[in-house]
Amino acid sequence: MQLSRVSRMLATSVGQKCIMAATGLFLVLFVLVHLAGNLAVFSGRDALNSYSALLHSVPKILWVLRLGLIASFVLHVLLSIRLSWRNRQARGGQAYARRSWQTTSVAARSMLWAGLVLLAFLLFHLCHLTWGWVYPNHARLIDAQGRPDVYGQVVLGFQNVWLLACYILAQVALLMHLSHGFSSAGHTLGINAVGCRAIRGVGLILSFVVFVLYCSIPIAVQLGVLLP
């Protein structure tokens, strides 16, 4: 009985929005942890390669996290598409005759597209730095201690201006998605107006900090601050 009640709730728009909020919060946590690890690149080759070696010392846990990340991302995007489709169907399959653009932000209007860009970037990022399918010669680099040279792989990769452009484009999408996602999650989880405003402000600040710090890595490579 209880299980049936839960399944019925999850089939509703409200239930699916709650799942979107939960998967979104999990993805935000991953973004912050991943950022903290990536910033080790500014401490030098040994620091980043040591961090990478630590992660790969527990391969089963690492793969559980990777699969959980991909599953959460795909579920988040699919639910977003489904909810957008259901909203359109509720209007008889028609788009709004007039949109009140002044009442919605650019981030709010581009949530779905930003999410799709981020999903594509996640897969590309895995192909580049995890599976070594992009620049396979970089993936075979070894440091002085016989460990995979992740530092060299990152720095050499970001010397390519097209890779830099793709990376920054993805960070713009992340900035837009995060800034609006925090506000949406507050409403979905039933937080009052004061709480929603506080969450919106924190989310906006956090989004810009994340954007700047993630972009600092490829920009530092292009400026010669980080050298192979």
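Q: Why does W133 count as exposed?
A: Exposed means over 50% relative accessible area, buried means under 20%, and partly exposed lies in between (1.4 Å probe, protein chains only). W133 has 60% relative accessibility, so W133 counts as exposed.

Q: What kind of model is this, and how are its residues numbered?
A: This is a predicted model, in which local features need pLDDT of at least 70 and side-chain atom pairs count only at pLDDT 80 or more, while totals for chains, interfaces and linings use all residues. Residues are numbered from 1 along each chain as its sequence is written, and side-chain values use heavy atoms, with hydrogens and water left out.

Q: Why are W131 and W133 called a tilted aromatic pair?
A: Rings of Phe, Tyr and Trp (its six-membered ring) pair if their centres lie within 6.5 Å; planes under 30 degrees apart are stacked, over 60 edge-to-face, and the rest tilted. The centres of W131 and W133 are 5.1 Å apart, with 35° between the planes. That angle falls in the rest, so the pair is tilted.

Q: Why is W131 called partly exposed?
A: W131 has a relative accessible area of 31%. That lies between the two limits, so W131 is partly exposed.

Q: What makes the pair of F158 and Y167 edge-to-face?
A: Their planes meet at 70°, and their centres are 4.9 Å apart. The angle is over 60, so the pair counts as edge-to-face. F158 is buried, with a relative accessible area of 5%. Y167 is buried too, also at 5%. F121, F158 and Y167 form one aromatic cluster.

Q: How do you know that R66 sits over the ring of W63?
A: A charge sits over a ring if NZ of Lys or CZ of Arg is within 6 Å of the ring centre and within 35 degrees of the ring normal. R66 lies over the face of W63, at 4.6 Å from the ring centre.

Q: What makes R45 and D149 a salt bridge?
A: A salt bridge is a side-chain nitrogen of Lys or Arg within 4 Å of a carboxyl oxygen of Asp or Glu. For R45 and D149 the N to O distance is 2.5 Å, so the pair qualifies. The pair links distant parts of the chain, 104 residues apart: R45 is in helix α3 (residues 45–56), and D149 is in the loop between α7 and α8 (150–157). R45 is partly exposed at 29%, whereas D149 is buried at 7%.

Q: Why do D46, D143 and R147 count as one network?
A: R147 meets D46 at 2.8 Å, N to O. R147 also meets D143, at 2.9 Å, N to O. The salt bridges share partners, and they join D46, D143 and R147 into one network. R147 is buried at 16%, and D143 is buried at 9%. D46 is partly exposed at 42%.

Q: What makes F42, I219, L223 and V225 a patch?
A: Patches are made of residues with over 30% relative accessible area and no salt bridge; like charges are joined within 9 Å, and nonpolar side chains (Val, Leu, Ile, Met, Phe, Trp, Tyr) within 5 Å. These four form a nonpolar patch on the surface, with about 400 Å² of accessible area together (Shrake-Rupley method, 1.4 Å probe, only the protein chains shown as cover for residues). V225 has 59% relative accessibility, so V225 counts as exposed.

Q: Why is N38 called buried, and what does N38 touch?
A: At 16% relative accessibility, N38 is under 20%, so N38 counts as buried. Contact means heavy atoms within 4.5 Å. N38 touches L48, Y167, Y214 and I217, not counting residues up to four places away in sequence.

Q: How many helices and strands does the protein chain have?
A: Helices (H or I, at least four residues) and strands (E, at least two) are DSSP runs, numbered from the N terminus. The protein chain comes to 10 helices and 0 strands.
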